[in-house]
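Let's go through this one together, asking at each step what a term rests on. Here is the structure.

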Amino acid sequence: MAYRNLETSNRGAVRTIAVNRPDKLNALNRDTLNELTLAFAQAAQDDAVRVVVLTGTGEKAFVAGADIAEMNGYTPIQAQAFSRTGQRLMSSIERLGKPVIARIQGFALGGGMELAMACHLRVASEKAKFGQPEINLGLIPGFGGTQRLLRLAGRGAALELCLSGAVINAQRACELGLVTRVVAAEALDDAVNVLADQLAAAAPLAAAGILDAVLQGGEMALDQALEFETQGFALAFSTDDMREGTSAFLEKRKAEFKGS
Ligand code: COA
């Protein structure tokens, strides 16, 4: 499927989805949000895809935010629809059932930071920059930023970043728990590829169970979340991959996971 604002490619079981509006620093307009929604739905349905890497084209930006030119003319009703479309996209990424890695090489601002936070793992170049600068536009984050930032980095950091609109570097983002790894710019592709290959070789149903337990369990009371984990643990015993993984260990060989 051809997209106007995205580039997609496959490397083995790894699908890369890149926002491709480099002249606008990959800003998210409505069309791009819709295309991303479609691209992630396709990745979810395709059994050959085990891991998704999300990035932006060009050196300068991952995604520099929601499209300010488009938002400038919005009525409140249009803004409500835009926010809901963005939030649904972010939730669909979070609930994809397969690991999603954000590859962040430059600006991840506003909707770009929200997009990165919806991914499960974030690997950043040391040149990347992060922030929720919506307040400088008289706005608040509208694609889940207030909530995911709160959950990832805590109330203090969420309030500081959203109220100040400050742009922070990758090292600070790592200290705040916003990114999982920071690497030299020239090492970014290797770091992302190694991680993606490692995740692609893992048992897919176990990966889905872990994503569910951490993401859904994290929103529950502890007793309920622990029971949810028990159900996921028990369900894994119904899979061929669990028999293969435990047998491979006992037979001292490498496991071959099939996703069944
Ligand atoms: N929406 C729409 N267009 C954007 C954009 C956004 N979020 N971010 C960048 N662009 C566009 C610029 O308007 C410019 O387009 P033009 O060449 O047609 O004028 C182009 O991308 C390049 O950006 P520019 O501002 O010239 O680059 P810079 O290197 O001087 O500054 C930033 C880079 C990221 C600091 C600056 O673009 C910026 O502050 N962007 C907005 C960030 C933001 O507020 N995001 C949250 C939105 S809710």
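Helices (H or I, at least four residues) and strands (E, at least two) are DSSP runs, numbered from the N terminus. This is a predicted model, in which local features need pLDDT of at least 70, side-chain atom pairs count only at pLDDT 80 or more, and totals for chains, interfaces and linings use all residues. Residues are numbered from 1 along each chain as its sequence is written, and side-chain values use heavy atoms, with hydrogens and water left out.

Q: How many helices and strands does the chain have by that rule?
A: The chain has ten helices and ten strands.

Q: What makes the chain as compact as a globular protein of its length?
A: The radius of gyration is taken over C-alpha atoms, and the globule rule is 2.2 Å times the number of residues to the power 0.38. For 260 residues the rule gives 18 Å, and the chain has 19 Å, which is close, so the chain is as compact as a globular protein of that length.

Q: Why are β1 and β10 said to stand at the edges?
A: Two strands pair if DSSP finds at least two bridges between them. The open sheet of six strands runs β1-β2-β3-β5-β7-β10, with mixed pairing. β1 (6-11) and β10 (181-183) each have a single partner strand, so one side of each is left without a neighbour in the sheet.

Q: How do you know that β7 and β10 pair?
A: Three bridges join β7 (residues 121-125) to β10, and the two run parallel; the pairing rule is therefore met. In β10, R181 is the bridge partner of V123.

Q: What makes β8 and β9 a pair in the other sheet?
A: β8 (residues 129-131) and β9 share three bridges in the antiparallel sense, with F130 opposite I168 in β9. Their open sheet has four strands in the order β4-β6-β8-β9.

Q: Why do K24 and K60 count as making polar contacts with the ligand?
A: A polar contact is a pair of N or O atoms within 3.5 Å; within protein, one must be able to donate a hydrogen and the other to accept it, and residues adjacent in sequence count only if both atoms are side-chain atoms. An N or O atom in the side chain of K24 is 2.5 Å from a ligand oxygen, and a polar side-chain atom of K60 also lies 2.5 Å from an oxygen atom of the ligand. A backbone N or O atom of D23 lies 3.4 Å from a ligand oxygen.
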